[in-house]
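I opened the model and kept notes in the order I looked things up. The entries below follow that order.

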Amino acid sequence: MIQVAIMGHGVVGSGVAEIITTHKKKLFASLGEEIYIKKILDLREFPDSPLSDRFTKDFNDILNDAEIRVVAEVMGGTNPAYDYTKQLLKAGKSVVTSNKELVAAKGAELIEIAKNNNANFLFEASVGGGIPILRPLFQCLVANNVKEIAGILNGTTNFILSKMINDGMDFDTALKLAQDLGFAERNPEADVEGHDACRKICILASLAYGKHIYPDNIHTEGITNISLKDVEYASQYKSVIKLIGDVKLLENGKIDIFVSPMLIGKKSQLANIRDEFNGIVVRGDCTDDVLFYGKGAGSLPTASAVVADVIDSCMHLKERKYLYWADSNNESVLPYNESRTRMYLRVDTPNALDKINELFGEVYVVASDDELAIATDLMTISQIESNIEKLEQDGVKVLSKIRISDL
């Protein structure tokens with residue numbers, strides 16, 4: 001019997017407890033031993049839970065219990081999750097987590113602590129929820145040089161955009177529906193402003209390229225400025241708008257990484273991923289494009305990935321899984337203004353085409369009615385921003401700008 005603990009009994013934590021208690025035979029068949037939940041840490045009371053006798057409000061009950069070998073951290077946030085995880089790893093206990101904020105902010109440090117104490121720090125559920133992506137990336141695709149990873153990494157924003165695209169809802173109405181259905185939090189800022197997707201693409205980039213990429217300085221845009229006009233014009237351009245986290249390795253060794261709404265061609269594998277589903281494309285030099293698809297959140301899908309890491313940690317109690325990246329100061333990240341892209345622009349002046357062509361070179365006209373929508377050629381963000389500034393100095397208001405993807 002291997003004894004484990006769970007820190008947090010919310011949506012994911014309760015799902016972890018449910019899977020471990022209801023799938024005993026399946027887990028025993030995989031591991032060859034029973035997994036027993038000895039402690040569950042939460043400040044709340046759960047008198048009706050079948051595990052009510054195992055709840056504690058004192059973290060030390062887990063830290064100081066030598067029989068507890070693996071701990072699932074599913075509290076969320078960095079405080080106190082970071083301090084608790086660090087103490088557990090230093091005590092030689094393995095920790096698995098679904099906490100993307102923790103991994104994106106402190107991953108390199110915690111991996112190093114785990115290494116020094118012959119423990120494991122695993123976090124499959126931190127990206128993509130129930131979609132297996134991290135383990136395939138560092139095991140199944142290890143023979144590849146990863147050229148690019150791009151994907152729909154946030155189910156809330158994809159649900160909202162799907163309603164705008166397919167049902168003609170405006171942003172506010174679609175957000176309200178997402179909240180009513182439980183896909184969006186009461187405060188949806190982390191989702192709709194792109195911060196959640198940023199943390200996830202940073203974790204993927206860190207694993208793919210071996211250096212910790214911190215979210216703080218990564219260019220991040222959300223979807224709050226996307227209008228139904230943009231959705232309509234994107235369709236005329238045979239595209240849809242998706243919030244994409246993207247990282248690619250350039251020939252000069254720099255990493256081009258960002259989170260932004262993008263126009264995705266309707267033939268792309270990502271274009272038809274709808275509602276709360278996620279999709280991640282990994283471009284390898286041997287495999288070409290590999291697509292990972294599924295529900296990126298939810299109690300049981302995310303808990304499934306957490307339990308898989310619990311099993312993996314139980315299998316490796318006396319040895320480390322090789323999952324590692326080095327710390328860094330983001331020196332390998334390309335400055336965002338040097339990133340090259342094609343750009344969709346919507347302006348309020350239909351007769352501004354001559355001026356636009358003068359600044360941007362020959363552009364593709366997407367729509368020209370009461371407004372003008374165009375697609376530029378490939379150029380740096382710095383060039384695009386400079387040209388937009390000149391346009392606005394001439395009285396042409398830019399209503400929207402969205403990157404155009406080649407995915």
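**Entry 1: the open sheet.** In what order do the 6 strands of the open sheet stand, and is the pairing parallel or antiparallel? I noted first that this is a predicted model. I read the order as β3-β2-β1-β4-β5-β6, with parallel pairing. I then looked for the edges and found β3 (55-56) and β6 (121-122), each of which pairs on one side only. I checked one pair inside the sheet: strand β4 (residues 68-73) and strand β5 (residues 94-97) are joined in the parallel sense over 4 bridges. For the register I wrote down V70, which stands opposite S94 in β5.

I also looked at what covers this sheet. I found helix α1 (residues 11-22) lying across β1 (2-7) and β2 (35-41). I recorded its direction as about 160 degrees to β2.

**Entry 2: after β4.** I followed the chain on from β4 into the loop that leads to α4 (81-90), where P80 lies. Is the peptide bond that joins N79 and P80 cis or trans? I found it cis, with omega at about 10 degrees. I noted for context that most peptide bonds are trans.

**Entry 3: strand β17.** Which strands pair with β17, and in which sense? I found strand β10 (residues 255-265) paired with β17 in the parallel sense over 2 bridges. I found strand β13 (residues 340-347) running antiparallel to β17, joined to it by 6 bridges. I used I404 to fix the register with both partners: L263 stands opposite I404, and I404 is also the bridge partner of R342. I then looked up the burial of β17 (residues 398-404) and noted that the strand is mostly covered, with 5 of its 7 residues buried.

**Entry 4: helix α12.** I took up α12 (residues 299-315), which has 17 residues. I read its reach from first C-alpha to last as 24 Å, close to the 24 Å expected at 1.5 Å a residue. I listed its buried residues: T302, A303, A305, V306, V307, D309, V310, I311, D312, S313 and C314. I marked D309 and D312 in that list, since both are acidic by residue name and buried here.

**Entry 5: α2 against α12.** How do the axes of α2 and α12 cross? I noted that the axes of helix α2 (residues 24-31) and α12 come within 10 Å and cross at roughly 35 degrees. I recorded the crossing as right-handed. I wrote down the contact residues: L27, S30 and L31 on α2, and V307, I311, C314 and M315 on α12. I sorted that contact by class and got 6 nonpolar, 1 polar and no charged residues. I cross-checked V307, I311 and C314 against the burial list of α12 and found them there.

**Entry 6: positive phi.** I looked for positive phi outside glycine, having in mind that most residues other than glycine have a negative phi. I noted D288, with phi near 65 degrees, and placed it in strand β12 (residues 288-295). I noted N330, also with phi near 65 degrees, and placed it in the loop between α12 and β13.

Are D288 and N330 buried or partly exposed? D288 has 49% relative accessibility, so I entered it as partly exposed. N330 has 11% relative accessibility, and therefore I entered it as buried.

Notes: Residues are numbered from 1 along each chain as its sequence is written. This is a predicted model: local features need pLDDT of at least 70, side-chain atom pairs count only at pLDDT 80 or more; totals for chains, interfaces and linings use all residues. Side-chain values use heavy atoms; hydrogens and water are left out. The expected span of a helix is 1.5 Å times one less than its number of residues. Buried means under 20% relative accessible area, exposed over 50%, partly exposed in between (1.4 Å probe, protein chains only). Two strands pair if DSSP finds at least two bridges between them. Contact means heavy atoms within 4.5 Å. Axes are lines fitted to C-alpha atoms, for helices over the stretch in contact, and angles run from 0 to 180 degrees between N-to-C directions. A crossing is left-handed if the near helix is turned anticlockwise from the far one by less than a right angle, and right-handed if clockwise. Ala, Val, Leu, Ile, Met, Phe, Trp, Tyr, Cys and Pro count as nonpolar, Asp, Glu, Lys and Arg as charged, and the others, Gly among them, as polar.
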